[in-house]
Amino acid sequence: MAERFERHRQPWTGEELDKLKLLAKKGMALKAISKALTRSEESIKDRAKLDGIGIAKLR
């Protein structure tokens, strides 16, 4: 069963954005970033696209 995130539609804080940029820069996978920030993968993809942050695509 998929994990549930209780932070539905919460605004992003500056600290979360900094952490997202740092983790993406390190080349972490979307799933790992999602777990670290306790946000959904979809939320992270949307925010990364909005800010022009590239997320690594691990195969």
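# Contacts, core and salt bridges of a helical chain

Visitor: Which residues does Leu-30 touch, not counting residues up to four places away in sequence?

Guide: This is a predicted model, and what follows should be read with that in mind. Leu-30 is one of the residues that make up the largest nonpolar core. Once residues up to four places away in sequence are set aside, the residues that Leu-30 touches are Glu-41, Ile-44, Lys-45, Ile-55 and Ala-56.

Visitor: What pattern does the protein chain follow when it is read along the sequence?

Guide: The secondary structure of the protein chain comes to 3 helices and 0 strands. Read along the sequence, the chain therefore contains helices without any strand between them, and its pattern is α-α-α.

Visitor: Which helix gives the most to the largest nonpolar core?

Guide: The largest nonpolar core has 11 residues in all, among them Trp-12, Leu-17, Ile-33, Ala-48 and Ile-53. Helix H1 (14-25), helix H2 (30-37) and helix H3 (41-51) each supply at least two residues of this core. With 4 residues, the helix that gives the most is H1.

Visitor: How many residues apart in sequence are the parts that Glu-16 and Arg-39 tie together?

Guide: Glu-16 forms a salt bridge with Arg-39, and the closest N and O atoms of the pair are 3.1 Å apart. Because Glu-16 lies in helix H1 while Arg-39 lies in the loop between H2 and H3, the pair ties together parts whose separation in sequence, counted in residues, is 23.

Visitor: Is Arg-39 buried or exposed?

Guide: Arg-39 is found in the loop between H2 and H3, and a polar contact of 3.1 Å joins its side chain to that of Glu-16. Its partner Glu-16 has a relative accessible area of 9% and is buried. The relative accessibility of Arg-39 is 4%, and since buried means under 20%, Arg-39 counts as buried.

Visitor: What does the side chain of Ser-34 reach at 2.5 Å?

Guide: The place of Ser-34 is in helix H2, where its relative accessibility of 4% makes it count as buried. Arg-39, which is likewise described as buried with a relative accessible area of 4%, lies in the loop between H2 and H3. At 2.5 Å, what the side chain of Ser-34 reaches is the backbone oxygen of Arg-39.

Visitor: Which residue has a positive phi although it is not a glycine?

Guide: The residue in question lies in the loop between H2 and H3, and its relative accessibility of 39% makes it count as partly exposed. Its phi is about 50°, and the residue with this positive value is Thr-38.

Visitor: With which residue does the side chain of Lys-45 meet in a salt bridge?

Guide: The structure holds 3 salt bridges, and in this one the N to O distance is 3.7 Å. Both partners lie in helix H3, 3 residues apart, which is about one turn of the helix. Lys-45 is partly exposed, with a relative accessible area of 42%, and its partner also counts as partly exposed, at 48% relative accessibility. The partner of Lys-45 is Glu-42.

Visitor: What is the N to O distance in the salt bridge between Arg-47 and Asp-51?

Guide: Arg-47 and Asp-51 are 4 residues apart in helix H3, and so about one helical turn separates them. Arg-47 counts as partly exposed at 22% relative accessibility, while Asp-51 is partly exposed with a relative accessible area of 31%. Their side chains meet in a salt bridge whose N to O distance is 3.2 Å.

Visitor: What distance separates the C-alpha atoms of Lys-26 and Ala-56?

Guide: Lys-26 lies in the loop between H1 and H2 and is exposed, with a relative accessible area of 62%. Lys-26 and Ala-56 are 30 residues apart along the chain, and the distance between their C-alpha atoms is 9.0 Å.

Visitor: Among contacts in the protein chain between residues at least 6 apart in sequence, what share joins residues at least 24 apart?

Guide: A contact here means heavy atoms within 4.5 Å. Taking the contacts between residues at least 6 apart in sequence, the share that joins residues at least 24 apart is 59%.

Visitor: What share of the exposed area of the protein chain do carbon and sulfur atoms supply?

Guide: Of the 59 residues of the protein chain, 24% count as buried. The chain exposes about 4800 Å², and the share supplied by carbon and sulfur atoms is 52%.

Terms used:
Residues are numbered from 1 along each chain as its sequence is written. This is a predicted model: local features need pLDDT of at least 70, side-chain atom pairs count only at pLDDT 80 or more; totals for chains, interfaces and linings use all residues. Side-chain values use heavy atoms; hydrogens and water are left out. A nonpolar core is a set of buried Ala, Val, Leu, Ile, Met, Phe, Trp, Tyr and Cys residues joined through side-chain atoms within 4.5 Å. Buried means under 20% relative accessible area, exposed over 50%, partly exposed in between (1.4 Å probe, protein chains only). A salt bridge is a side-chain nitrogen of Lys or Arg within 4 Å of a carboxyl oxygen of Asp or Glu. Accessible areas come from the Shrake-Rupley method with a 1.4 Å probe; for residues, only the protein chains shown count as cover. A polar contact is a pair of N or O atoms within 3.5 Å; within protein, one must be able to donate a hydrogen and the other to accept it, and residues adjacent in sequence count only if both atoms are side-chain atoms.
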